[in-house]
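Me: I'm new to this one and would like a guided tour. Could you show it to me first and then take my questions?

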2 protein chains.
Amino acid sequence: MFTIEDHTHMSRALKLAELGKYTTAPNPRVGCVIVKDGLVVGEGFHYRAGEPHAEVHALQAAKERAIGATVYVTLEPCSHYGRTPPCAEALIKAKVGRVVCAMQDPNTLVSGRGIQMLRSAGIEVDVGLLEQDALDLNRAFIKTMRSGLPFVQLKLAGSLDGQTALKNGQSQWITSSQARQDVQAFRAQSGAILSTSKTVIEDNASLTVRWSELPASIQAIYPEKALRQPPRVILDRKQTLTSDLRFFQSQSESIIIAPSNEHFDELDWSKQLELLPIFKTLAKTYSINHLWVEAGATLSRSLIREGLVDELILYIAPKLMGNDGRGLLGDLGLTSLEQAIDLDIKEVRMVGKDLRIIANPISKE
Amino acid sequence: MFTIEDHTHMSRALKLAELGKYTTAPNPRVGCVIVKDGLVVGEGFHYRAGEPHAEVHALQAAKERAIGATVYVTLEPCSHYGRTPPCAEALIKAKVGRVVCAMQDPNTLVSGRGIQMLRSAGIEVDVGLLEQDALDLNRAFIKTMRSGLPFVQLKLAGSLDGQTALKNGQSQWITSSQARQDVQAFRAQSGAILSTSKTVIEDNASLTVRWSELPASIQAIYPEKALRQPPRVILDRKQTLTSDLRFFQSQSESIIIAPSNEHFDELDWSKQLELLPIFKTLAKTYSINHLWVEAGATLSRSLIREGLVDELILYIAPKLMGNDGRGLLGDLGLTSLEQAIDLDIKEVRMVGKDLRIIANPISKE
């Protein structure tokens, strides 16, 4: 059904989509390539919410050469009037001949409608080319569409023997500056950064993206003037945050989850943490589909125990610190090895002198 | 000084030497290739202490074709009468034309003598081709020759957060069966296996090499009938070992370091552990130049703290167990991050589902 040429052009569309990695949130990353008689006549990608979709950029570049052309797009063209008119309509107006989509829209309410509009207009549509790559590209967006919960990445950092700080609290710095730069790149990709008032106060953390600390490879595709600061979501159950903190000196948006926040007034504040309703509200009310978590052992442990973590990013410094410091997750009270939290290691690499392990928690159910 | 052909033949000699990896201890691994008019006319490697050296095997294969030939050998030919006559003499008798050695004899008392004997007999000798590979090949033998201490590999195994057992002692099994097979391969390569009476008693461990558990790649070059059992060295300061233990059911040699062992009678038995004199005696009296250590946190911690570990082999299972179990090294009582034990990571790979990290402790001096 798909030719080698189809693969080549869709690969290019996926590459283009990635250029929106740091800017499209909460929108999906989408790339588009228009090909006429074997020649690329237009390309585009979605850059930022509210700005034109990938197809519109590509059609603008292709002009009248779009007539009868093949359009490669990493996501089903939209069929509804949102902040921009529907792309399916624009493609019909441009009289394209064929549309190849890597995947359908993950929103089950509209999935297939854009394809149907195109087919009704007599345009040939093929779906599913490099679908897995398209799913990976927007895994956070897709998860939220399907489940109503954000995709959650939990960052942990410690020594080879699992200590995140000494008994006296000293933790700066166990990992290398390269690892901390790497963290900046993850923050920049996220939809929001989640932490607790305890971390904000103890570390005097601002939890912002500092462009100057991003790796050069990211700076190259992400100019400083385009810098997007993901909102910072802080759990502050006991309302201990004060306005004099460095945290509030930043222009970056903050969402404080505290008894004074009307969006969370259904929470039972007497409970330790009610993470599931918090996450649902973050997705629904704040359009946050990708949460990057940097917090202490208590929140990290709760997130893992409640099965809310999609991916662990674990930085391990080449040090041994003994078992009398502070552990990554604190105490777990295990009485049998079957109770251990099992992980599936996806990737291991060196970041400076540190190891970076990416792993998925394995559900026990 | 060395041609591409020289490199090719020395590489082959190094490969041959490796075939003795599981059998030569305490002798070094040595390989030899004899080349006449561009053709390989003889090859050999040292297989087992007391059996012929690599050069002798290669000369036997080459016969009269050795006259005027070039001999590639990974270690300087010996010059003394040991269990076998000196190889330098054999090469002179065979009237070879040129000898290329990867490295000199690491024993400073005899280093250069074999080369001198050959040169005195009018044979051209070149030294230092692929020297680093030759040094790596026999790093344990070389360390002991130079320092009088064995090369020490310490095995540790635990979870991603540094736990080697639960609080209740449960530890079987944190790591996978593939990791335990990998341990068998390390035992098989070692000169001796070091542990404590506590580990022998608590784990009812026999600390032997089980041929059936070796990886197939090793079984292929190491037939079951050739199986060598490295001696098991057990620290038994309080003489708690009893003859009914499974440990004593094996045919494998054991060296018990206890007040009743005359070789260690200079030790101060009131002290916790006197590792340095023990290691010196193991090298000198027992010809042990390569120790593989499998023990609990107490011995592991002491070895690292006293700077006696050359290489750490760390198996990390993809699990999180909390900080309330037993840590890899127990408590270290650190009050500042500068006191942490720093490591230099040499290699990271997956062994089954586990990570295996090979690292060298970095001396603080």
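Reply: Here are some questions and answers about this predicted model.

Me: How are chain A and chain B related?

Reply: Chain A can be superposed on chain B with an RMSD of 0.0 Å. That takes a rotation of 180° and a shift of 0.1 Å along the axis. The two copies are thus related as by a two-fold rotation axis.

Me: What share of the contact residues of chain A recur in chain B?

Reply: The same surface serves both copies. Put as a figure, the share of chain A's contact residues that recur in chain B is 100%.

Me: Which residue of chain A comes closest to the rotation axis?

Reply: Going by C-alpha positions, the closest approach for chain A is 2.4 Å. The residue there is Gly162(A).

Me: Which strands stand at the edges of the open sheet that runs from 10(A) to 13(B)?

Reply: This sheet has nine strands with mixed pairing, in the order 10(A)-9(A)-8(A)-11(A)-6(A)-12(A)-16(A)-15(A)-13(B). An edge strand has a single partner, so one side of it is left without a neighbour in the sheet. The two in that position are strand 10 (254–257) of chain A and strand 13 (319–320) of chain B.

Me: And in the other nine-stranded sheet, which strands pair on one side only?

Reply: Here the order is 13(A)-15(B)-16(B)-12(B)-6(B)-11(B)-8(B)-9(B)-10(B), again an open sheet with mixed pairing. Its edge strands are strand 13 (319–320) of chain A and strand 10 (254–257) of chain B.

Me: Do strand 6 and strand 11 of chain A run parallel or antiparallel, and what is the bridge partner of Leu154(A)?

Reply: Strand 6 (residues 151–159) and strand 11 (residues 290–294) of chain A are joined by five bridges and run parallel. For Leu154(A), the partner in strand 11 of chain A is Val293(A).

Me: At what angle does helix 7 of chain A lie to strand 11 of chain A?

Reply: Helix 7 of chain A packs on the sheet and touches several strands of chain A, including strand 6, strand 8 (192–196) and strand 11. Its direction, set against that of strand 11 of chain A, makes an angle of about 150°.

Me: Is Arg187(A) buried or exposed?

Reply: Arg187(A) sits in that same helix 7 of chain A, and the UniProt "binding site" annotation (unreviewed entry) includes this residue. Beyond four places in sequence, Arg187(A) touches Leu207(A), Arg210(A) and Glu294(A), among others. Its relative accessibility is 7%, which is under the 20% cut-off, so Arg187(A) counts as buried.

Me: Which residue of chain B is in contact with Ser171(A)?

Reply: Ser171(A), also covered by that UniProt annotation, lies in the loop between strand 7 (163–165) and helix 7 (177–189) of chain A. With a relative accessible area of 27%, Ser171(A) is partly exposed. Leaving out neighbours within four places, its contacts are Thr164(A), Ala165(A) and, from chain B, Leu337(B).

Me: Which side chain does Arg98(A) join through a polar contact of 2.9 Å?

Reply: Arg98(A) belongs to strand 4 (residues 98–101) of chain A. At 13% relative accessibility, Arg98(A) counts as buried. Its contacts outside four places in sequence include Met1(A), Phe2(A) and Tyr72(A). The side chain at the other end of the polar contact is that of Asp126(A).

Terms used:
Residues numbered from 1 in each chain as written. Chains lettered and ligands numbered in written order. Predicted model: local features only at pLDDT ≥ 70, side-chain atom pairs only at ≥ 80, totals over all residues. Heavy atoms only, no water. Helix = DSSP H or I, 4+ residues; strand = E, 2+ residues; numbered from the N terminus. Buried < 20%, exposed > 50% of the residue type's maximum accessible area, 1.4 Å probe, protein only. Polar contact = N/O pair within 3.5 Å; in protein donor to acceptor, adjacent residues only side chain to side chain. Contact = heavy atoms within 4.5 Å. UniProt positions renumbered as here; feature names shortened; annotations may be inferred. Least-squares fit on C-alpha atoms with pLDDT ≥ 70 in both. Pairing = 2+ DSSP bridges. Axes fitted to C-alpha atoms, helices over the stretch in contact; angles between N-to-C directions.
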